[in-house]
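Visitor: I am new to this structure and would like a close look at a single part of its surface. Please start there, then go on to whatever else helps me find my way around.

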Amino acid sequence: MATVNLSDYKPLNITNADEFSIGIVFSEWNDFVTYNLRDAALEILQKEGVKSENIKLFPVPGAFELNYASMQLCKERKYDAVISIGCVIRGETPHFDYVCSAVAQGIKDCNILTDTPTIFCVLTDDTKEQSIARSGGDLGNKGIEAAVTALRMIDFKKNLSDKKGNIGFGHS
């Protein structure tokens, strides 16, 4: 389990981010966490030059519904990437395990069955405090990491289709 802030943001300096279109699906369950993740992702995308009008937000009731909404956005083929944001906090029953597994598999399916990178930004923590720490607290904000990952995966896909073979923003 992470005990340090892994969300230090280093600008990517993307030259064509204004052309990107990104869908963000976020769970309203545990909104004290998911709204922080969503807002951090939005901030980074806009800092990197993605136009506000090219970022579409799609609220869903809970983490389990992320799968359906994300897959529908992927099937539309209107988005260069989809970011799926949720938070599942362990309770007293096995419900946590079922939901976490299903959501992980669903987001994986979006990546395998469609041509749209789908980013997994679902916190699966044991306690409310752990979720708060990872959504803007002591351990950073996973929404930042999700936005950076989305941008890097868009670049990866564009470089593959351009057959440049030079993948990344100066990363090797």
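**A surface patch and its surroundings**

Guide: Met153, Phe156 and Leu160 make a nonpolar surface patch of about 250 Å². The model shown is a predicted one. Phe156 belongs to helix H5, which covers residues 142-162. The relative accessible area of Phe156 is 33%, so Phe156 counts as partly exposed. A residue needs over 30% relative accessible area to enter a patch, and the 33% of Phe156 meets that condition.

From the patch, turn to helix H1. Helix H1 holds 17 residues, from 31 to 47. From its first C-alpha to its last, H1 reaches 23 Å, close to the 24 Å expected at 1.5 Å a residue. Buried residues in H1 include Val33, Thr34, Leu37 and Arg38. Ala40, Ala41, Leu42, Ile44 and Leu45 are buried in H1 as well. Just after H1 comes Gly49, with a positive phi of about 105°.

On the other side of H1, the loop between S1 and H1 contains Asn30. Asn30 is not a glycine, yet its phi is positive, at about 60°. The relative accessibility of Asn30 is 16%, so Asn30 counts as buried. Asn13 also has a positive phi, of about 55°, without being a glycine. Asn13 sits in the segment before S1. With a relative accessible area of 64%, Asn13 is exposed. As background, most residues other than glycine have a negative phi.

Next come the strands linked by H1. Strand S1 (residues 22-27) and strand S2 (residues 55-60) run parallel and are joined by 6 bridges. In one of these pairings, Ser27 has Val60 in S2 as its bridge partner. The chain passes from S1 through H1 to S2, making a β-α-β crossover that is right-handed.

Charged side chains are the remaining topic. Side chains of opposite charge can pair when their charged atoms come close. Across the whole structure, a search finds 10 salt bridges. One of them is formed by Arg38 and Asp39, whose closest N and O atoms are 2.9 Å apart. Arg38 has a relative accessible area of 14% and is therefore buried, whereas Asp39, at 36%, is partly exposed.

Another salt bridge brings together the side chains of Arg90 and Asp126, at 2.8 Å from N to O. Arg90 is in the loop between strand S3 (81-89) and helix H3 (95-113), and Asp126 is in the loop between strand S4 (118-125) and helix H4 (128-133), so the pair ties together parts that are 36 residues apart in sequence. Arg90 is partly exposed, with a relative accessible area of 38%, and Asp126 is partly exposed too, at 35%.

A further salt bridge links Asp109 with Lys108, where the closest N and O atoms are 2.7 Å apart. Asp109 has a relative accessible area of 27%, which makes it partly exposed. Lys108, at 35%, is also partly exposed. Finally, Arg90, Asp97 and Asp126 are joined into one network by salt bridges that share partners.

How values were computed. Residues are numbered from 1 along each chain as its sequence is written. This is a predicted model: local features need pLDDT of at least 70, side-chain atom pairs count only at pLDDT 80 or more; totals for chains, interfaces and linings use all residues. Side-chain values use heavy atoms; hydrogens and water are left out. Patches are made of residues with over 30% relative accessible area and no salt bridge: like charges are joined within 9 Å, nonpolar side chains (Val, Leu, Ile, Met, Phe, Trp, Tyr) within 5 Å. Accessible areas come from the Shrake-Rupley method with a 1.4 Å probe; for residues, only the protein chains shown count as cover. A salt bridge is a side-chain nitrogen of Lys or Arg within 4 Å of a carboxyl oxygen of Asp or Glu. Helices (H or I, at least four residues) and strands (E, at least two) are DSSP runs, numbered from the N terminus. Buried means under 20% relative accessible area, exposed over 50%, partly exposed in between (1.4 Å probe, protein chains only). The expected span of a helix is 1.5 Å times one less than its number of residues. Two strands pair if DSSP finds at least two bridges between them. A crossover is right-handed if, with the strands pointing away from the viewer, the path from the first strand over the helix to the second runs clockwise.
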